[in-house]
Amino acid sequence: MSEFFAANLVWVLLYPFWAFILIGIGRFLGVRMSKPLLTGITLFGSGLGLVFSLGALVNVFINGASEYLCSFIKIQKFLLQLGVGVDLLSMICLSLLFFISFFIQLYSSSYMGSEPKYYRYFGYMNLFNFSMALLLVSPNLFQIYIGWELVGVVSYLLIGFKYSNPIKSISAVKAFIINKIGDTMLLGGVVSLIYIMYAYSTSQFVTLDFSDFNLISSVAYAHTNNFTFIVLCMLLFAGVMTKSAQFPFHTWLQDAMSAPTPVSALIHSATMVAAGVFLTIRLLPLFTMSKDMLIFIVMLGMFTALFCSLCAICQKNIKSVLAYSTSANLGLMLAAVGFGNVNLAVLFLIVHGLIKAALFLSYGLSNNEYFKNNTEEQTISPSFIIGAFALSGLAFAGLNCKEQFFLTFKPNIFLTIEFLLVSFMCAVYIFRLCCLYPLSSNKRKNVPEQLSVWIFLTVVIVSTFMVNGSILGAPFWIAFVGAIVAIVLTLRTKYTKSGCVSIVCEKGFYIDRFYSRVVFNLYERFTSIFSRIDIWISDNKLLFYIARYFVRCAEWVEKNIFELPVKLIVLCLRFASKEVEHAQIRNIQTYITYGALILGIIFSAILLMYSFIINSLGGIG
Amino acid sequence: MFLSNILSLPILIFLPLILGLVILLPIFSKNDIYIRRYAKVCFVIHLLYSLLFWMFYSNGYITLYAPDWIKPLGVKFGFAMDELSLLMTILTSLIFTLGAIASKLHIRYGQKYYYALLLFFETTILGIFNAADIFTFFLFWELELIPAYFLIGYWGEGANSRKSAMKFVLYTFLGSLFMLVGLIMLHYFSYLAANTLNGQISMYDLSKVGVGLQILISMLLLIGFGVKLPIVPIHSWLPDAHTDAATPISMILAGVLLKTGAYAIIRFNFQILPEAFQYLAPIVAAFALINIIYAALVAYSQTDIKRIVAYSSISNMGLILLGICAMNVIGLTGSIFHMIAHGLIAAGLFMVCGIVLLRCKERDINKLGGLAKSMPRLFGFATIIVLASIGVPALAGFVGEVITIIGALASELSDAIKFIGIFSLPVLILSSCYLLKFLHKGFYGEEESCKPSSDIANHEFVVLGIIVLLLIIFGCYPAAIINTIQNIFVTNGAVIW
């Protein structure tokens, strides 16, 4: 029974793609689809995906992992494959994806109800489901790149969803270009790895299949020197850094908050950004080869966690706080992977995804952009507070995870302190929000929205009891202190919404401004230099001067050398004319001219008809 | 098979010319609407006919027509077709068909001569792609200048289109002087070495000729082909010609004409003179890298929308050149694939520019804006084509770019080409910078000065629809083309490749 799910998963995964194409073609041809139909098509895809991925997950437990492959590009020995790899990690992530996306689509059907471009939104949702699934079920590194790039494109399209808003469209371009830098580095890593396999190993490794990845890693390590290997790893990891919004590429996640709130919940907190962690887990055999690389991953993750938590404390906007918090938590996950605790990373990936989705959605409950005129006034709904408890690690599944992090990092005192600091700040920024903004009085009828939020929260709450070993350890107490501090400070001092510590933190240490002002301006200057060079090449008269020089030379030769015989003849004739005084010299000149002309014509005719004459004579040979 | 018997190369090549001559007959009046319809039907018939070649093509050369031309020199008026010619022929007839459909609103006067010249233009380009003999090749290479000059110069949209047409002709002509010397040397020395007079491209055997001489010939030819490709220091005809020509002509120039340069490099430098090209390849690859990066940087600071697209063409042609320089099967496959993909992408981008120009009468990107609101369909098409151009997977551009770069990495010639392969990757970032700027400034934002009255018309919808559909099909199922490309290496023998 469960094999059926694993074997037919591929058709289920292709369904969103066809749905997207159908919606797209329908719109281009001007077919009007009703909103319930669009919602139905999309929800059906996600629901089916959820059922099949859970079935396949069961199959992994019963029958083990399996693969379904087909060739994509085949050029002699060189082969790139696409397919569906069913194993534990991919099926867990896939189930999470479909679970979250099902309820977020349900939420969107109510939230985006008054959106005129409803069809476009749901088309993109389908495309996102497809490309994210492509990434997650990928049996090889090449397919991961394909999904990787596609989710980036969907993210770009959804950030710029309201294209008439100039600020949002600039955010979309910024986010896309930062993502593209990472994607290109990842592609560089992937093609280098393909090349190394192509040059030094048997053909089956060229596809970079994950089931052979231990061997692939050792081949790559054996045939590169230390420096090249680090460069290769860094290229691959740069993709992770951009997609998971790690320092210094975390700025795009702030821009991404221009997207509609359900999109922020789905793409920019729960699923797409977690792809970086997923890829790191997949590439762990390669990274393990070099100890420096693992240290770098841990350090980077922890630094991002610290940095982004600090930025989050001072944000004005609830969505910005949540975005920084996402970067910080992804940093924690990466650190866990780098530390070798993959199980914890996956657990936290799931838990964090659910909590963040719930937080964003409950923010959307009370701050719907379609029903509010003033976006400056933000309110908090009750479900947000429950989510805050889970995120800070005071209760529910968040508590379990934080506890496990503490146990993992315990051997290293430096990391332990850093982690406790991060959880302290996490409690501070999330409870600061809860105190800062008033509770909303929701009068709108939005049953699907409420349902989705509470489903996520229920899962978070229920899963607390499924993970054993939750003790009230150091992370709990530190979070507790953090929460108290935040509440006391906020209520007592009533500090303004424009940040407490300093303006520098609020602006994210001006990194974004650095990119958008300095780097952008430098790039513009740089290109304008090249543009000037191009105009110079285009207007270049050098060729013209050379040509004119040649013409002058030819003129000189013509005058002084070729006319020499003519001049001589003239001289001779003059001499002769003096000798023969009454001869009709003028007539002789005329005759000579005519004669030369006729001879010239005959000669050129012969030259022109050369081939014809020779052919008619039967050829040379 | 009955159908396979009607496939004839002379008909394939001269059909457009003959059909074009019919337009000049007095049965059509000067600005007749029937001329356009007739020409459209001609192009579609020709497209279907060339598709028949694809269907009934069996492996090996089709060399059917080779009467003597200049017998003492061993020159024949010969045509041959292998898979490479076949793919290029289909691309040509497709892009010309799309161009003819797109001409509806862009060509306001002199339709009679326009469509006749367009059909003549197709014949000359098909002649280049299918020539079996070097002198036949040269004939068509030069002949193509005549219709191109008039089409760019007399129906141009830009202010100084005649000047640009002249520039194009002069550049190409200067290049072909070098090329002619190269071709004559090639012919003469192969005669000296092998003592047989034969102008057929597939028959040249220069293994006995010294390598130094081969390199000289190869360089002379490269100058000629490099003008068409174009390689960077001699590229400046391209932005002018593409910008000033009418939109359908820009589509054809970028989609087909540039590919003749790449095709010729594959045919001559690669196939006839592989030994010399081995020495030249790293240098040419360096030029290709300059092409790729330089043009992408210049494109960013352009303000004219058509110029942005023109420079993106130069950048992409550099990538194609890089694939050829890799001198292995992967690189060559990638570059041939990218020739087709880029032909479609460039045609599509110029079409988008043309539609914007027609509606807004404005080509400065800073003065455009907010077009997405009034032209949502065009916005959708433009987005897909731009994404294809910056190498998003599941669209054709990605496959070409990735295979080409992997081919450059797998090159066994020298390490330089491998590094160039890696260093050409940032072009993906640079191209997304300038193309997203194009999309962002043109389509996003509040509606500004330009308020187009209508979204795209039906015939424009057909053109863009076909392009986008093909981009998606080739992107999702690249094997459709790659399998045909693979046969090239079988046809032309394993030794050369």
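Which residue of β2(A) does A:I73 stand opposite? I looked that up before anything else: the partner is A:L80.

**Ground rules.** I'm working with a predicted model, where local features need pLDDT of at least 70, side-chain atom pairs count only at pLDDT 80 or more, and totals for chains, interfaces and linings use all residues. Residues are numbered from 1 along each chain as its sequence is written, while chains are lettered from A and ligands numbered from 1 in the order in which they are written.

**The hairpin in chain A.** I went on with the strands (DSSP runs of E, at least two residues; helices are runs of H or I, at least four residues; both numbered from the N terminus). β1 (residues 66-75) and β2 (residues 78-86) of chain A pair in the antiparallel sense over nine bridges; pairing asks for at least two DSSP bridges between two strands. I also noted A:E67 opposite A:G85 in β2(A). Two residues sit between the strands of this hairpin, and A:Q76 takes a positive phi near 50°.

Next I checked burial (buried: 20 or more other C-beta atoms within 10 Å of a residue's own; exposed: 12 or fewer; partly exposed: in between; C-beta atoms placed from the backbone). Seven of the nine residues of β2(A) are buried, so the strand is largely enclosed by the rest of the structure.

**A:F142.** I then picked a residue in α5 (residues 141-159) of chain A, namely A:F142. It is buried, with 25 other C-beta atoms within 10 Å. For contacts I used C-beta atoms, placed from the backbone, within 7 Å. Leaving aside neighbours within four places in sequence, A:F142 is in contact with A:L80, A:V190 and A:L208. I logged A:L82 as well: 60 residues from A:F142 in sequence, but 8.1 Å away in space, C-alpha to C-alpha.

**α11 of chain A.** Six of the eight residues of this helix (residues 275-282) are buried, so α11(A) is largely enclosed by the rest of the structure. I listed the buried ones as A:A275, A:G276, A:V277, A:F278, A:L279 and A:T280.

**Chain A overall.** I find 25 helices and two strands. The radius of gyration is 36 Å, against near 25 Å for a compact globule of 621 residues; it is taken over C-alpha atoms, and the globule rule is 2.2 Å times the number of residues to the power 0.38. The C-alpha trace spans about 135 × 60 × 60 Å along its principal axes. Of the 621 residues, 49% count as buried. Among contacts with a separation of 6 or more, 78% join residues 24 or more positions apart.

**Where the chains meet.** I get 45 residues of chain B in contact with 40 residues of chain A. Several helices of chain B each supply at least two residues to this side, including α12 (274-300), α14 (329-360) and α21 (479-491). α19(B) gives the most, with seven residues. By class, this side of chain B has 32 nonpolar, nine polar and four charged residues. My classes: Ala, Val, Leu, Ile, Met, Phe, Trp, Tyr, Cys and Pro are nonpolar, Asp, Glu, Lys and Arg charged, and the others, Gly among them, polar.

**A helix pair in chain B.** I tried α13 (residues 305-325) against α14(B): they pack at about 175°, axes 9 Å apart. Axes are lines fitted to C-alpha atoms over the stretch in contact, with angles from 0 to 180 degrees between N-to-C directions. α13(B) and α14(B) are therefore roughly antiparallel, the word for angles over 145 degrees.

Key:
Two residues are in contact if their C-beta atoms, placed from the backbone, lie within 7 Å. Angles under 35 degrees count as roughly parallel, over 145 as roughly antiparallel, 65 to 115 as roughly perpendicular and the rest as oblique.
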